[in-house]
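Let's take a walk through a protein chain together, one stop at a time. Keep the picture beside you and look for each residue as we reach it.

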Amino acid sequence: MTEQSAGSGARLPKNRMLVAVLSLGGVFLAFYLVAYNMGWTPPIPCGSGSCAAVQSSSYAWVGPVPVSVIGLAGYLALLVLAIAGLQERLAASRAVSFLLFGGALAGVLFSAYLTYLEAAVINAWCRYCVASAILITVVFAATIPEVKRMRKGSIR
């Protein structure tokens, strides 16, 4: 992706803008699932699939924590990092690049594991989980330019 010039000549990474917008969508999606898991909303309307079966399975929790809370925390972290990385002083930061790419990679791997569980173990699909899997995959793809920045950026 191309980058735009900022006031002092620094270049702001456009891919981070995309990561921020996509992560915000992920925040809303994950929060909806958190609200369901916490009993704040009525049953999830799923249409096709078996959202209730997936969300009520033993795999929907990691100990006492709903998987949706982990997703919400991950999307929030990516959103904050992407917005921070758009600040002129952090645009060339290798640390921001590393955290964005690493966080998105962790998210896509965890999502792949959860998708495997839906397909092979639970034998049910949740359209919201599938949407989140697609979303985090696109977020990960949008963080690929961060690899180049990790190699040539500052350590800030």
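Glutamine 55 sits in helix H2, which covers residues 51-55; helices here are DSSP runs of H or I with at least four residues, strands are runs of E with at least two, and both are numbered from the N terminus. Before going on, please note that this is a predicted model, in which local features need pLDDT of at least 70 and side-chain atom pairs count only at pLDDT 80 or more, while totals for chains, interfaces and linings use all residues. Residues are numbered from 1 along each chain as its sequence is written, and side-chain values use heavy atoms, with hydrogens and water left out.

Is glutamine 55 buried or exposed? With a relative accessibility of 8%, glutamine 55 counts as buried; buried means under 20% relative accessible area, exposed means over 50%, and partly exposed lies in between, using a 1.4 Å probe and protein chains only. Its side chain makes a polar contact of 3.2 Å with the side chain of asparagine 37. A polar contact is a pair of N or O atoms within 3.5 Å; within protein, one must be able to donate a hydrogen and the other to accept it, and residues adjacent in sequence count only if both atoms are side-chain atoms. Setting aside neighbours within four places in sequence, glutamine 55 also has contacts (heavy atoms within 4.5 Å) with residues including Leu33, Tyr36, Trp61 and Cys129.

Now step back to see the whole chain. It holds six helices and four strands, and from the N terminus on the elements run β-β-α-α-β-β-α-α-α-α. Of the 156 residues in the chain, 41% are buried. Among contacts with a separation of 6 or more, 73% join residues that are 24 or more positions apart.

Next, follow helix H1, residues 14-37. The expected span of a helix is 1.5 Å times one less than its number of residues, so the 24 residues of H1 should span 34 Å, and the 35 Å between its end C-alpha atoms agrees with that. Just after H1, glycine 39 takes a positive phi of about 80°.

Arginine 16 is a good place to pause in helix H1. How much of arginine 16 is accessible? Its relative accessible area is 0%, so arginine 16 is buried. A polar atom of its side chain lies 2.8 Å from the backbone oxygen of glycine 85. Arginine 16 also forms a salt bridge with glutamate 146, at 2.7 Å from N to O; a salt bridge is a side-chain nitrogen of Lys or Arg within 4 Å of a carboxyl oxygen of Asp or Glu. Because arginine 16 lies in helix H1 and glutamate 146 in helix H6 (residues 145-152), the pair ties together parts that are 130 residues apart in sequence.

Glutamate 146 has another partner, arginine 149, with their closest N and O atoms 2.8 Å apart in a salt bridge. Glutamate 146 and arginine 149 are separated by about one helical turn, because they are three residues apart in helix H6. An α-helix has 3.6 residues a turn, so residues three or four places apart point the same way. Both glutamate 146 and arginine 149 are buried. Arg16, Glu146 and Arg149 are thus linked in a network of salt bridges, and the count of such bridges comes to two.

Where do the nonpolar residues gather? A nonpolar core is a set of buried Ala, Val, Leu, Ile, Met, Phe, Trp, Tyr and Cys residues joined through side-chain atoms within 4.5 Å. The largest one has 24 residues, and Val19, Tyr75, Leu78, Leu100, Ile136 and Val139 touch the most other members. H1, helix H3 (67-85), helix H4 (94-122) and helix H5 (127-143) each supply at least two residues of this core. Another core, of eleven residues, lies apart from it and includes Tyr36, Cys46, Tyr128 and Cys129.Our last stop is H5, whose 17 residues reach 24 Å from first C-alpha to last, close to the 24 Å expected. The buried residues of H5 include Ser132, Ile136, Val139 and Phe140. Which helices do the buried residues of H5 pack against? They pack against H1, H2, H3, H4 and H6.
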